[in-house]
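Hi,

Here is the structure I said I would pass on to you. Have a look at it first, and then read my notes below.

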Amino acid sequence: MEKLEKVKKEILSCIEGSDSIDELRVIKKDYLGKKGKISELFKLVAKAPEEERSELGKKVNEIRDILEERVKKKENALKILEEEGKGSSFDPTLPGEVPVLGNRHPLSRVSGDLIRIFEKMGFSAIEGPDMESVWYNFDALNFPEEHPAREMQDTLFVKQSSFSGSEKHNISSKERKVMRTHTSPVQIRHMEENEPPLRIIVPGRVYRNETTDATHEINFYQLEGLMVDEGISVANFKAIITDFINQFFKGDVGVRLRPSFFPFTEPSFEVDMSCTVCSGKGCSVCSNTGWVEVLGAGMVHPNVMKNSGLDSEKWQGFAFGMGVDRLAMIKYGIDDVRLFYGGDLRFLKQFY
Ligand code: FA5
């Protein structure tokens, strides 16, 4: 009997001392399994003198029942601890794993800023297709056929297998597809379908077949703007664009218009802002001129109104198109546009 009590104590302390479910399973097998210690005890009981056998048998049965119950309790307790992550393998003093946080691409951030500023001024953001017809990309925008103005934007033409042989030469400009070279075609699409007054911005990706360098990519982002109403003049444009530039660059930035040429606007301008890097004193970013070119703009050409089905006698408007990449470069002091597309996380992670 004494020996049995000793074995019982030994097993109980093993059960209580186990601190993982795996360890407990081993203990259970060693003591309560088919070839375990309790089975051995039953064998010994069978060999004991007859008068002691029944009492010893009872005791071993009692020990087995107690042990089975304790094992069950301990197993439940360990399960709860492990589920809560508080098993013995959990060390609360170890530093936690810092999750890798993603962040928005600088161009998405800048686009978002631009959209928010214009939305506050009552412009609605709309989209248009990346693959565009020659009609919307050039013809409707008053680019004369075969005119060198079409060479201004090196175009990526889309291979159209549905047209073959002689058909190829007779495809109409509405069927012929290009990757849009600017966001201006969306002006036409919007004027065709909506009655003025109109106030829209069009953020989007554009494509050009050119050699890349520090300021030129083959695809980049533009943000187009269009406002059409009665009595709109260059003064309205200058007020809106000056307000926009000052909000975007968060300061009192000088703005000037220079005469330029776009087939779809008359008169046309390039808009410059005073260089925020050197405060207009002259530096490498502004080529020592104190001014940085930020966008192209002008008053909507009467032919463009006509091509969109609007009466150019009644309605006037201005349009502008800015390079989102170039604005981001000025804002963050980035000297190579290609960094935006290189996918280098060391560069991208700087923009939180
Ligand atoms: C246009 O694309 C005209 N559609 C803009 C416009 C709209 C004028 C409405 C008048 C009225 P431009 O080709 O200059 O214009 O391009 C506009 C801006 O896109 C440029 O000022 C420049 O910031 C940016 N840009 C042009 N080419 C590239 C390029 N290869 N890589 C990065 N940005 C470019």
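**What I found around the ligand and in the sheets**

Let me begin with one contact: the side chain of histidine 182 has an N or O atom 2.9 Å from a nitrogen atom of the ligand. Before going on, please keep in mind that this is a predicted model.

Two further contacts go to the backbone. A polar backbone atom of glutamate 217 is 3.1 Å from a nitrogen atom of the ligand, and a polar backbone atom of glycine 323 is 3.5 Å from an oxygen atom of the ligand. How much of the ligand does the protein bury? Taken alone, the ligand exposes 680 Å², and 94% of that is buried by the protein. The space the ligand takes is also the largest pocket.

So who are the neighbours? The ligand is surrounded by 22 residues, and the closest are His182, Ser184, Arg208, Glu210 and Gln222. By type, the shell divides into 11 polar, 6 nonpolar and 5 charged residues. The elements that give two or more residues to this shell are β6 (219-229), β9 and β10. Which of the elements gives the most? That is β10, with 4 residues.

Those three strands bring us to the sheet they sit in. It is an open sheet of 7 strands with mixed pairing, and the order is β1-β5-β6-β10-β9-β8-β7. β1 (124-125) and β7 (255-262) are at the edges with a single partner strand each, so one side of each has no neighbour in the sheet. If you want a pair to look at in detail, try β9 (residues 291-300) and β10 (residues 316-323), which are antiparallel and share 5 bridges. Within this pair, glycine 296 is opposite glycine 321 in β10.

There is another open sheet, made of 3 strands in the order β2-β4-β3, with antiparallel pairing. Here β2 (131-133) and β3 (156-157) are the edge strands; each has a single partner strand, so one side of each is left without a neighbour in the sheet. β2 runs antiparallel to β4 (residues 177-179), and 3 bridges join them. Across from methionine 131 you will find methionine 179 in β4.

A few backbone details are also worth a click:

- The peptide bond from proline 196 to proline 197 is cis, with omega near 5 degrees. Proline 197 is in the loop between α7 (185-193) and β5 (198-207).
- Glutamate 266 and proline 267 are also joined by a cis peptide bond, with omega about -5 degrees. Proline 267 is part of strand β8 (residues 265-274).
- Asparagine 142 is not a glycine, yet its phi is positive, at about 70 degrees. You can find asparagine 142 in the loop between α6 (134-137) and β3.
- Asparagine 288 is not a glycine either, and it has a positive phi of about 60 degrees. Its place is the loop between β8 and β9.

If you only have a minute, go to the ligand and to β10, which gives the most residues to the shell around it. From β10 you can step across to β9, its antiparallel partner.

Cheers

Methods. Residues numbered from 1 in each chain as written. Predicted model: local features only at pLDDT ≥ 70, side-chain atom pairs only at ≥ 80, totals over all residues. Heavy atoms only, no water. Pairing = 2+ DSSP bridges. Near = heavy atom within 4 Å. Polar contact = N/O pair within 3.5 Å; in protein donor to acceptor, adjacent residues only side chain to side chain. Areas by Shrake-Rupley, 256 points an atom, 1.4 Å probe, with all protein chains shown as cover. 1 Å grid on protein atoms, 1.4 Å probe; cavity = no way out; pocket = protein on both sides within 12 Å on 5 of 7 lines; lining within 4 Å. Sits in = over half its atoms within 2 Å of the grid points. Nonpolar A, V, L, I, M, F, W, Y, C, P; charged D, E, K, R; others polar.
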